[in-house]
Amino acid sequence: MGLNLITGPANAGKVALLLRRYLDALPQEPYLIVPNRSDVEERERELLEIQPALLGGSIVTFDDLFKRIARGGSESRQVATEAQQALIVRRALAGQSLNGLGRSARFGGFADALLSTVGELESGLLDPNDLEGELAGLYAAYRAELDRLNLWDRDLLRRHAADRVAGELDAWGGEPVFAYGFEDLTGAEWALLQALAGRSEVTVSMPYEPGRTAFASLRRTMDDLTALADGRIDELPPAFDQVAEPALAHLERALFAEGLQQAPLIDGALRFFESAGKRGALELVGEELLSLLRSGVEPEQIGVICPSLERWQAPLETALGTLGVPYALEAYVRFDRTPFGQALLSLLRFAWLGGGRAHLYAFLRSPYSGLTRQNVDFLEGRLRGRAVQTPERVEEETMRLRDGQPLPVLEALRGAPTPLDAVAGLAAFMLRSAYGLEAPPVGELSRQDIRAHESVMRLVAELRGWSELDGSLSPEEVVAALERTEVRRSSPGEAGRIAVIDLLRARTRRFEIVFVLGLEEGSLPRRGHESPFLGDDARRDLDERSRARLTRPDQVARDRYLFYAACTRASRRLYLVREAATDEGSPREPSPFWDEVQAVFPKDDIARWTRRRPLSDLTWPLEDAPTERERLRSVALRAAGDAIAADAIAAANGWERRLARALQAFERPTRLTHPLVLAELAAKMTYGVTELERFAECSSIWFFDRVIDPKSIDGEVDARLRGSIAHQVLYRFYSGLPKELGTDRVEPDRVEDAVAFLSRCLDEAVAKGVRLELTELEARELRHGLWRDLEAFVREEAAADMPLLPRRFEVLFGSERSAPELQRGLELAPGVTLSGKIDRIDVDPFSARGIVQDYKAGKHAHSAVQIEQEKKLQIPLYMLVLRDLVGIEPLGGLYRPLSGERKARGLLRAEAQDDGIPGFAKNDYLDEEAFWGQVERARELAVDIVERMRKGDVRHDPKSGDCPTWCELWSMCRVRRA
């Protein structure tokens with residue numbers, strides 16, 4: 001009895017020796033402890049290669065062994081699953097006074113962090129009375145909740161098993177134990193090994209070389225095992241050179257070691273990739289992976305190792321997926337980040353948690369709803385256009401648009417006996433709707449959906465067990481549990497796929513070829529993070545008092561060992577990959593580990609096997625391009641310097657049309673050329689003044705806004721809606737003022753009566769003019785904003801001493817709805833007629849003189865100079881309308897802002913400054929020649945614009961030279977926005 005220790009560097013044959021000893025002990029029914037569940041099958045295959053039949057023994061993980069021991073005792077409890085533990089910790093928190101932690105405890109991350117800390121404390125065999133402060137109270141509440149439910153969690157089971165082996169004779173029958181792959185042992189694992197070593201033969205394999213920096217993070221574990229072994233240690237010599245290339249074997253011996261030996265030639269066994277940007281680095285990797293696969297290397301013999309799969313998952317999927325590289329991410333993803341999970345949770349949030357339209361239609365739009373995309377587009381478009389948001393109205397309107405038919409999936413969800421039955425039924429319905437019952441699902445997406453479905457059903461089974469213990473679950477708790485559950489991305493060692501793994505999982509794997517990513521400063525070594533509940537100082541203090549083994553190794557030392565292990569996973573070739581610059585071109589320093597590897601070999605040899613891809617390399621060389629798409633991009637680039645060769649290559653590969661489209665991508669003609677379009681434009685006779693102004697702003701804006709005429713899907717309270725309602729209110733107010741107050745203008749002594757009337761006009765306009773379904777807050781905000789501006793506008797009008805009276809409102813001209821005398825519109829030139837609507841005309845009560853007032857919903861009004869400089873046509877052309885159509889002598893025109901300072905500006909005749917329109921900005925008054933000259937130039941500009949319209953002369957020509965920031969049509973414009 002006792003502990004036997006096998007040590008040595010990586011690939012020294014430690015595990016092979018351990019396995020041979022395990023086979024020798026088969027008659028004694030030994031146990032082989034492996035790090036992960038996936039290692040069980042791999043070790044079984046390895047043992048069967050040595051011995052054709054295994055007629056005894058068990059290959060288990062530490063958890064398996066703990067369970068077998070714990071279940072054999074008289075005192076045994078059911079073990080809470082992860083989902084049940086999350087519920088327990090939340091129940092424990094609900095019964096605690098959290099003092100200053102109450103605000104943080106509202107978020108799900110608080111309970112998750114607490115549960116992780118509790119697990120560490122239990123693995124260190126600590127009780128609540130070993131702690132102090134708030135953490136002790138929280139830990140005690142959690143343990144009390146477990147006792148109330150008569151449950152253990154995983155770590156309490158481990159503790160019970162270790163205590164049982166140490167204190168009960170019948171807990172262990174003397175079977176030998178063999179273990180490997182455990183560099184860091186928890187308190188419970190260490191206690192079990194100690195107890196087993198006193199009851200049977202225990203053999204542990206441990207990678208270690210005394211005094212070597214690469215193994216510094218393992219020193220504490222090694223010292224404890226050495227003391228327990230009491231001299232029974234087998235130190236194996238290096239043997240990597242027997243299976244690996246000389247350069248890789250030398251790297252294993254020299255990495256993080258002192259006294260460097262002479263290095264052999266690299267000879268292609270070690271290669272360095274440097275690239276600008278993460279995408280560029282991964283494209284280099286992807287190209288090399290394709291080259292290796294095409295050369296005959298089995299995908300299973302290639303491993304890609306990342307510092308963190310969570311950070312690298314998205315760029316890896318983009319780069320490798322684009323190049324068509326078969327890969328398998330050996331990781332878990334949260335259920336709410338899978339397509340299946342997002343659809344399921346969206347429907348549950350709508351049905352149970354008061355979610356809105358976006359939640360329901362996120363489900364209906366998915367392939368799991370059983371509805372066609374066309375049908376869902378129709379339904380959602382109608383609801384979005386009216387801003388229908390509340391759950392009740394969304395469901396009511398959806399049913400109405402479906403001719404009164406309810407959504408079967410919602411009916412089934414609400415008709416289920418329990419929330420768990422509802423989730424199980426919904427998951428089955430979704431899978432059936434997506435794939436049918438006629439043929440089995442095939443393809444990668446279907447595999448992901450099936451795994452997500454399995455995770456749901458597994459969670460439902462766990463939660464049913466909880467319901468039997470503690471009653472029913474609320475819908476909120478079910479949704480929270482679903483959000484937290486995890487879905488396996490792929491199985492370890494999948495056939496025909498390249499394994500993508502993290503540093504920790506790579507320790508026990510072997511490949512012919514390995515890529516190590518993230519070798520830039522900041523990525524590796526990684527930054528350490530303290531637990532919010534248990535800092536490093538508290539860990540050291542607890543270790544000194546109880547040997548709980550809570551102190552974590554230094555993060556740099558830990559990553560140094562993991563990097564050493566990653567570099568020794570390859571037997572044929574090792575690639576080290578780093579970003580030399582960011583995507584923006586800023587340089588990035590290499591990781592210290594990168595420098596350590598390069599220090600092992602001569603610089604000229606390293607330079608020979610270094611490949612760089614700068615940010616300026618937009619395409620691959622044609623002969624190296626890994627995919628057809630990349631080859632086509634390379635040909636397009638070649639066309640810039642050798643068009644004949646590019647055309648010949650395109651013709652040989654059938655790419656002529658694709659190459660032509662690529663070359664014309666930045667030659668975006670904007671002029672309209674289709675005969676039918678030009679004919680329609682040439683036949684048009686009447687033009688709105690706002691249409692002409694829009695063309696003057698930018699002819700591309702006019703083309704999309706007036707010809708293409710896109711419609712907004714989402715109805716919302718925007719500036720256009722506010723302006724429209726403000727115009728309606730002012731029309732109602734001024735047109736109804738004579739009847740309501742018996743006066744044409746707002747008199748100072750009747751201003752309060754006028755304001756009361758204005759309020760009624762505003763209520764009527766909002767009730768009739770807003771067809772959106774606004775929330776109470778949105779409606780109050782809309783009314784309050786309009787009331788603030790309009791009340792101030794009316795009060796200022798009452799205080800102004802204007803001799804002109806507002807008499808005509810919303811004056812239409814040039815349309816069938818105009819007054820008969822105005823229907824013909826204003827002729828600007830032969831065959832060119834102007835139409836529009838004047839907001840308000842104020843007239844002199846004693847003569848046929850007047851001015852035009854144009855309301856502006858914003859804060860800014862244009863001066864006379866700005867009107868001409870910025871090609872504003874309304875006021876100048878309205879002067880002609882006033883004179884030639886309405887029959888009123890124009891004294892000028894004003895823009896009237898409804899918010900801000902509300903300072904009126906415009907184009908005014910100087911001769912009326914004293915008796916007609918006094919009190920405005922002096923620079924806006926022009927003498928007769930200047931006034932009518934500006935009006936005439938506006939007319940000529942309008943005619944020129946019409947000529948360009950009829951010719952289809954559309955350009956990217958914003959009048960300021962750059963696209964205006966307010967333009968919402970830029971995403972459709974055929975010219976890239978600056």
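**Cavities, sheets and local backbone features**

The largest cavity is lined by Cys 698, Ser 700, Ile 701, Phe 704, His 956, Pro 958, Cys 963, Pro 964, Cys 967, Leu 969, Trp 970 and Cys 973. The structure described here is a predicted model. The volume of this largest cavity is about 80 Å³. Its lining comprises ten nonpolar residues and two polar residues, with no charged residue. In total, three cavities of 30 Å³ or more were counted.

The second largest cavity encloses about 50 Å³. Its lining consists of Ala 83, Ala 86, Leu 87, Arg 90, Glu 477, Ala 480, Ala 481 and Arg 484. Two elements give two or more residues to this lining, namely helix H4 (82-94) and helix H21 (475-484). In the lining of the second largest cavity, five residues are nonpolar and three are charged, and no polar residue is present.

Two open sheets with parallel pairing were examined. In one of them, six strands are arranged in the order S3-S2-S6-S7-S1-S8. Strand S3 (58-60) and strand S8 (233-235) each have a single partner strand, so one side of each is left without a neighbour in the sheet. From one strand to the next, the twist of this six-stranded sheet averages 15 degrees. At the S8 edge, strand S1 (residues 2-8) and S8 run parallel and are joined by three bridges. Within this pairing, Thr 7 is placed opposite Glu 235 of S8.

Helices also pack on the six-stranded sheet. Helix H1 (residues 14-24) lies across S1, strand S2 (31-33), S3, strand S6 (177-180), strand S7 (201-207) and S8. The direction of H1 is at about 165 degrees to S7. Helix H3 (residues 62-71) touches S2 and S3 as it packs on the sheet, and the direction of H3 makes about 115 degrees with that of S3.

The other open sheet contains seven strands, in the order S11-S14-S10-S15-S16-S9-S17, and its pairing is likewise parallel. Strand S11 (327-329) and strand S17 (610-613) are its edge strands, each pairing on one side only. The twist in this seven-stranded sheet averages 20 degrees from one strand to the next. Four bridges connect strand S9 (residues 270-276) with S17 in the parallel sense. Glu 274 has Arg 612 as its bridge partner in S17. Helix H13 (residues 309-323) packs on this sheet, where the helix touches strand S10 (302-306), S11 and strand S14 (498-502). Between the directions of H13 and S11 the angle is about 160 degrees.

Several local backbone features were identified outside these sheets and helices. The peptide bond between Leu 524 and Pro 525 is cis, with omega at about 0 degrees. Pro 525 belongs to the loop between strand S15 (511-516) and helix H23 (536-546).

Positive phi values were found at two residues that are not glycine, Glu 29 and Leu 125. For Glu 29, phi is about 55 degrees. This residue is situated in the loop between H1 and S2. Glu 29 has a relative accessible area of 41% and is therefore classed as partly exposed, a class that spans the range between the limits of 20% and 50%. For Leu 125, phi is about 60 degrees. Leu 125 is located in the loop between helix H6 (108-123) and helix H7 (133-148). The relative accessible area of Leu 125 is 25%, so Leu 125 is also partly exposed.

A buried position was examined in helix H20 (residues 444-470), which contains His 453. The relative accessibility of His 453 is 17%, and His 453 therefore counts as buried, the cut-off for that class being under 20%. Apart from neighbours within four places in sequence, His 453 is in contact with Phe 340, Ala 427, Ala 428 and Leu 431.

Technical notes
Residues are numbered from 1 along each chain as its sequence is written. This is a predicted model: local features need pLDDT of at least 70, side-chain atom pairs count only at pLDDT 80 or more; totals for chains, interfaces and linings use all residues. Side-chain values use heavy atoms; hydrogens and water are left out. On a 1 Å grid over the protein atoms alone, a cavity is a set of points where a 1.4 Å probe fits but cannot get out, and a pocket is an open set with protein on both sides within 12 Å along at least five of seven lines; lining residues have an atom within 4 Å of a point. Grid points are joined across faces, edges and corners, and a volume is the space filled by probe spheres set on the points. Ala, Val, Leu, Ile, Met, Phe, Trp, Tyr, Cys and Pro count as nonpolar, Asp, Glu, Lys and Arg as charged, and the others, Gly among them, as polar. Two strands pair if DSSP finds at least two bridges between them. Axes are lines fitted to C-alpha atoms, for helices over the stretch in contact, and angles run from 0 to 180 degrees between N-to-C directions. Contact means heavy atoms within 4.5 Å. Buried means under 20% relative accessible area, exposed over 50%, partly exposed in between (1.4 Å probe, protein chains only).
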